[in-house]
Amino acid sequence: MVDGVLFSLTSTPVKNDSSEFHLCQFNFWTGEEQLNFASDLEQADIFLRGYFGWNSRRALQVVDQVFPKDAAVQPSLVIVYFGGNDSMGPHSSGLGPHVPLQEYIENMRKIAIHLKSLSEKTRIIYLSCPPLNEEKLRQSTSTIFSQLVRTNEICRIYSEACKELCREMDLKVVDLWSAIQKRDDWMNACFTDGVHLSSEGSKVVVEEIMKVLKEAEWEPSLHWKSLPTEFGEDSTYDLVAFNGKDTINPSEWTFHREIQWD
């Protein structure tokens, strides 16, 4: 998982009175995370955008272009993640992704204010800064970079700041810093290089998002079990049943999924 991310889930009425759901990615999420999340939103059309390595300062500059207030259809859900790059130590030149803590908080506040203004039904989930494996990161960092200052303690500070902002603004938040570290083997199992999430780390992210979607008292619910399946009616083109006369509708099947989310 790499900073920064904004996902939007938009519902638009279609001819069959169901809904067409769109999931858009602003910035970067690994292919593993995309597949894990998308597999549990089979009712969604997935649109991916990648702006690798951004911070909250850069995102704030374009958030009104990515989510214009005058759009014909506004998102039902936006998932926001910034903090990993913001929390990197400052470079003496003034260059680089570092954003001071107080500015990071205000940037995240302004992003939330903009997203809230899109629609009364636009829901928001923030993801706090995840932890990192400092030793593994040092071993894997390329020599093309100047010295990178990244510590798990600084990640915790930015994570706590994000959580506090969400409490203040009544936003849903996933505490990634704590959630990932619940595993005893998190330092090796959850990262590929000390900072970017492995498939196991990605599963934690998806699981935590799914918990929020299930527990949130939103109307309408955005939990995957509540999303209507477009074109889910029975068809003569479905698989033929054992009796050779009927067909079996597979549109609601979930047994094929690697992980059976609640």
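Glu 208 and Lys 211 form a salt bridge in this predicted model, and their closest N and O atoms are 3.3 Å apart. Both residues belong to helix H8, where three residues, or about one turn of the helix, separate them. Side chains of opposite charge can pair when their charged atoms come close. The two partners can also be described by their accessibility. Glu 208 has a relative accessibility of 15% and counts as buried, because the cut-off for buried is under 20%. Lys 211, with a relative accessible area of 36%, is partly exposed.

Helix H8 covers residues 199-215, and another salt bridge is found there. Glu 200 pairs with Lys 203, with 3.2 Å between the closest N and O atoms. Why are Glu 200 and Lys 203 separated by about one helical turn? The reason is that they are three residues apart in helix H8. Here Glu 200 is partly exposed, at a relative accessible area of 28%, whereas Lys 203 is buried, at 16%. This pair also belongs to a network of salt bridges, in which Glu 200 and Lys 203 are linked with Arg 183 and Asp 185.

How many salt bridges does the structure hold? The number is twelve. One of them joins Arg 109 to Glu 168, and the closest N and O atoms of that pair are 2.5 Å apart. This salt bridge links distant parts of the chain, since Arg 109 is in helix H3 and Glu 168 is in helix H5 (residues 152-169). The two residues are 59 residues apart. With a relative accessibility of 19%, Arg 109 counts as buried, because buried means under 20%.

The last stop is a loop. Ser 87 lies between strand E4 (77-81) and helix H3 (101-116), in the loop that runs from one to the other. Is Ser 87 buried or exposed? Its relative accessibility is 5%, so Ser 87 counts as buried. The side chain of Ser 87 reaches two backbone oxygens: that of Gly 83 at 2.8 Å and that of Gly 84 at 3.0 Å. Which residues does Ser 87 contact when its neighbours within four places in sequence are left aside? They are Cys 129, Ile 154, Cys 155 and Tyr 158.

Notes. Residues are numbered from 1 along each chain as its sequence is written. This is a predicted model: local features need pLDDT of at least 70, side-chain atom pairs count only at pLDDT 80 or more; totals for chains, interfaces and linings use all residues. Side-chain values use heavy atoms; hydrogens and water are left out. Helices (H or I, at least four residues) and strands (E, at least two) are DSSP runs, numbered from the N terminus. Buried means under 20% relative accessible area, exposed over 50%, partly exposed in between (1.4 Å probe, protein chains only). A polar contact is a pair of N or O atoms within 3.5 Å; within protein, one must be able to donate a hydrogen and the other to accept it, and residues adjacent in sequence count only if both atoms are side-chain atoms. Contact means heavy atoms within 4.5 Å. A salt bridge is a side-chain nitrogen of Lys or Arg within 4 Å of a carboxyl oxygen of Asp or Glu.
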